[in-house]
Every structure is written in C-alpha cells, then in structure tokens.
Amino acid sequence: MALARRTKRWADKGTKIPFSHREVGNGRIIVIGCHKIFLAANAFVVLPMSFSFSHLSPVRRPDIVDTVPDRRRRLLLWLLPLLVLDVWLVRRWWRRRPTPAPAPASVSDADETPPSPASPRRWRLAFPTPQTRLLDEPTEDIFMPTASGRIESALYGSTRTRESGGRIIPSFHEGIDIAPTMRDRRGRPLDPVFAAGDGRVAYLQPHAGNSNYGIYVVLLHDDPLGEVYTLYAHLDRIAPGLSAGDPVVAGQEIGRMGHTPSSIIPLVRAHLHFEIGLVRNLRFERWYRMQREKPDHGNWHGMNLDGVNPLAAFSARSDDGMFSMANVLETTPAAFELACRVQHLPDYFIRYPGLWQGPLFEADRPAIVLTVCAGGVVLRGRTASAEEANALGAQPHCVLAVDENLLSRNGRGLIGRNGGAWRLTSNGEQWLESLLFHPNTLSPTLSLAPSHYKNNAQ
Ligand SMILES: [Zn+2]
C-alpha cells in the first residue's frame with residue numbers, strides 16, 4: 001500500500017489513472033524499487049559471505065585445514081555470481097537514470113534587465129510525424145480521440161471532461177494527439193517522430209512510468225520571441241544516442257511513436273501527444289523542489305510548460321513554413337486580466353521581453369497586470385495603472401476583467417466565481433506562484449496538487 005501511494009505521487013499527472021492501474025502501469029517504478037531491495041538484500045548475503053571467506057584461513061584453523069579449500073570453493077561459487085550480478089545491476093541502473101536537465105541558461109537571481117531576444121529570425125516549423133494533413137478537417141485517421149471517440153478530444157482546449165468529487169467537469173488538453181499513419185502486424189505504430197524545428201534537446205525522460213507523458217522529449221527552439229519549447233510524449237523509444245544539450249534539425253528523427261505509459265493508453269490508441277509553447281519560469285525547478293514533490297523533471301515538468309494550440313501554430317506559418325510564436329499569441333484571445341503584486345520582474349518577461357508592454361518594470365511600483373488566455377499562457381504583461389493598483393488594495397492579486405464566454409469551459413480552472421466575484425482558484429494560486437517565484441522573495445509554500453495541472457496529457 002505504501003508503495004502504491006508512492007507510485008501515485010510519482011505519477012505526476014497521474015490522478016486520472018485508475019488506482020488499480022497505477023501499480024501495474026508504473027511497473028518500472030516497482031521494478032526499480034525491487035531492484036534496490038534486491039541489491040540491499042544481496043549486500044546482506046555478500047558481506048557476511050565475504051567475511052567468512054576472508055576468515056577461512058588454514059593458518060587460523062589448522063584443525064580443519066583439509067576442508068577449508070572446499071569451503072572456500074563453495075563460497076566462491078556463491079560469491080562470484082552474486083558479485084557479477086550486483087555489478088551488472090548497478091551498471092544498468094546507472095545507465096537508465098533520467099537524463100538530467102541542463103542548468104538554467106540565463107537566469108541569475110539579481111538579473112532584472114531583459115536580454116535581447118534569442119533569435120531575430122523566424123524558424124521553420126515542421127510536422128512532428130509523417131502525418132502532413134494536420135490542418136485538414138479532423139478525422140480519426142489524422143487524430144486519436146480519447147476512449148469517448150469524440151474527435152474533438154484529440155485537439156487542444158477544453159475538449160475533454162474528467163471526474164472530480166463525483167462530478168464531471170471540463171478538462172483542458174494542452175496539445176494535440178496525432179494518430180499513427182502505419183502499424184506493424186501486431187498493431188504497433190511505426191511512425192518516426194521528428195524534431196519540429198531546428199533547436200536543441202532540453203530534456204529526455206526515458207522512463208515510461210515517471211509521468212503521464214510516458215517516455216518524452218522536450219526540445220527548445222530559438223524564436224524571435226524567446227525560447228519556445230516543443231514536447232513529444234508517449235514515445236515507444238527515444239532515438240539512440242540522443243542526449244540533453246544535443247543540437248537537432250527540423251525533421252530529424254528523435255524517437256518512435258508509442259503508447260507509454262501503457263497502463264492508461266492502450267495500443268489501439270497509440271499516438272503522439274505534441275505540444276508547443278512557452279516555458280513559464282526557469283526557476284521552477286527550485287520552486288518545485290521546495291514543495292518536496294516527485295518526480296523531479298527539473299524545469300521540464302509539464303506544469304512549467306504552457307502550451308498554445310499547435311494547430312494555430314501550424315496555421316500561423318508562412319507559405320515557406322517559417323514561423324514565430326508572436327504570430328500565434330497575437331491571435332490568441334485573452335480570457336482574463338489579473339493584477340498582482342510582485343517584488344521582481346518575473347523571469348517570464350526577462351526571457352520573453354516582447355511580451356512586456358508599456359513602461360519598463362519599476363521596483364517601486366510593484367503591481368503588474370497579466371493578460372492570460374484560457375489555456376493559462378500569459379499573452380502579455382505591463383505595469384498596473386494607479387486605478388488598477390488601487391483596485392488591488394492590500395490583496396496580493398485580483399481579477400480585473402474576464403471574458404466569460406471563453407471561460408465557460410475553462411478546464412485549467414485558474415479562476416472561478418466566488419461570492420459573485422471572479423478570483424484565482426487554488427489551482428490558479430499555484431500557477432501564479434510558480435510563474436512569479438523568485439528565490440529572493442519570501443513566498444508562502446502552497447500544497448501542490450499536480451492533478452490540477454496538465455492531467456490530460458494522454
Ligand atoms: Zn494528448
């Protein structure tokens with residue numbers, strides 16, 4: 001039971017997995033657990049045997065001098081295979097550890113000066129699988145719906161529902177689910193998964209059981225706006241030799257389509273979950289570790305990756321396939337405006353300076369206004385006006401404006417009606433805290449509820 005509970009925590013977006021499946025579905029975690037128990041038990045056997053071996057000396061026990069060589073041989077027969085097995089297990093465990101996330105590239109605790117955008121040039125955005133009809137009318141041979149069979153459920157947005165407290169509530173899908181174009185005789189997808197653009201590998205997660213994303217890869221691409229991420233989830237495997245930090249080019253094979261974790265995605269629903277968007281905070285890793293939560297995917301945890309609609313991104317490409325995230329954000333409708341108090345310019349606007357509007361941030365006027373879309377992506381920010389700061393009063397944050405039509409099925413649930421007024425929900429408070437987190441700011445530690453985030457990655 002304790003192991004099952006721990007497994008539940010490790011499945012960071014796993015609250016949608018039926019409980020009975022977790023122990024099976026995250027089998028790799030259990031295998032890793034058994035692995036460690038076996039090594040520990042082995043040590044208990046090997047150490048006393050080694051001790052006995054070293055003390056079986058004909059000098060010390062002349063009375064049994066004839067039998068010692070036999071006993072040493074017998075002990076050796078046990079010891080050597082156990083030692084070889086231990087060495088093999090340790091080497092295997094060492095090789096299969098998740099690739100560590102590279103250290104944050106540009107964030108220093110004191111840095112408040114927006115750097116230049118990473119690249120002045122647009123980049124070529126390519127389809128991530130051999131499926132090139134993503135902009136056609138959605139059908140089941142292009143996209144993979146959930147078990148509901150509704151094709152909309154494969155698309156981005158509040159396209160799904162989930163059960164919470166006995167109620168069915170809307171749920172947000174932050175990517176698109178692309179169906180395989182080819183399968184082998186056993187029904188396994190054969191589609192290669194391609195890098196959607198030139199860039200570099202930010203993170204590889206080779207363990208299917210560590211996330212609802214299963215085996216996944218995160219790439220970073222230089223965009224005129226700043227660094228844009230793309231994410232490729234539910235892979236069967238990652239391309240051999242690919243490592244964090246490696247450069248990739250558009251169209252390069254980075255893995256094979258799969259259905260990991262297989263406990264929540266049956267083979268028949270194998271697909272690629274594809275996301276494209278902005279990285280919320282390069283200090284997220286520190287914030288997340290303060291919550292003492294596992295698994296630790298560094299800054300490349302899905303909670304820190306705010307996806308836009310990938311189909312809007314592909315539509316925003318020019319005829320030659322060139323792309324900038326700015327074109328997508330310009331056409332993404334705002335769902336609400338939020339005023340909040342900050343002590344530092346958020347890292348988000350340091351990395352995406354083009355999203356900061358109006359006068360530069362002033363530490364002596366530390367109220368800012370965030371414009372946010374229904375998917376939780378911050379579209380722009382600015383210093384609050386005197387009236388907005390007054391509206392904020394002594395509160396840490398307040399909702400200034402809401403487009404109720406857009407929020408009618410707001411699966412992210414960042415804001416909600418409370419006493420007739422729109423306020424941040426507990427999910428929203430966690431979202432805001434991780435967005436604004438700065439190590440030099442004393443920040444209340446909220447209990448983390450990963451289920452409220454991207455729990456529909458499958
Ligand atoms: Zn998906």
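Two strands are taken to pair if DSSP finds at least two bridges between them. With that in mind, the tour of this predicted model can begin.

**First stop: a pair of strands.** Select residues 336-341, which form strand β14, together with β17; the two run antiparallel and are joined by 5 bridges. Within this pairing, Phe336 has Val402 of β17 as its bridge partner.

**Second stop: the sheet around them.** Extend the selection to the open sheet of 4 strands, whose order is β16-β15-β14-β17 and whose pairing is antiparallel. Strands β16 (378-383) and β17 (397-402) are at the edges with a single partner strand each, so one side of each has no neighbour in the sheet. On average, neighbouring strands here are turned by 20° against each other, direction ignored. Strands of a sheet pair through backbone hydrogen bonds, which may be displayed here.

**Third stop: a hairpin.** Move along to residues 415-418 (β18) and 421-424 (β19), an antiparallel pair held over 4 bridges. Gly416 is found opposite Arg423 in β19. The two strands make a hairpin with 2 residues between them, and Gly419 in the turn shows a positive phi of about 65°.

**Fourth stop: the whole protein.** Select everything: the protein contains 10 helices and 19 strands. Of its 458 residues, 41% count as buried. Among contacts between residues at least 6 apart in sequence, 68% join residues at least 24 apart.

**Fifth stop: the largest nonpolar core.** This core has 92 residues, and those with the most contacts inside it include Tyr216, Leu219, Tyr229 and Leu235. Strand β8 (residues 226-238) supplies the largest share, 7 residues. The core lies between domain 2 (123-323) and domain 3 (333-452), because both give residues to it. In soluble globular proteins, nonpolar side chains tend to be buried together. Now centre on Leu219: leaving aside residues up to four places away in sequence, Leu219 touches Ala195, Gly199, Arg200, Val201, Ala202, Tyr229, Thr230 and Val248.

**Last stop: Pro130.** This residue is in the loop between β1 (123-124) and β2 (157-164). A residue counts as buried if 20 or more other C-beta atoms lie within 10 Å of its own, and as exposed if there are 12 or fewer. Pro130 has 15 C-beta neighbours inside 10 Å, so Pro130 counts as partly exposed. Residues up to four places away in sequence aside, Pro130 touches Thr181 and Asp191. Finally, select Pro180, which is 50 residues from Pro130 along the chain; the C-alpha atoms of the two are separated by 8.5 Å.

Conventions:
Residues numbered from 1 in each chain as written. Predicted model: local features only at pLDDT ≥ 70, side-chain atom pairs only at ≥ 80, totals over all residues. Axes fitted to C-alpha atoms, helices over the stretch in contact; angles between N-to-C directions. Contact = placed C-beta atoms within 7 Å. Core = buried A, V, L, I, M, F, W, Y, C linked by C-beta atoms within 7 Å. Domains from an automatic or database assignment.
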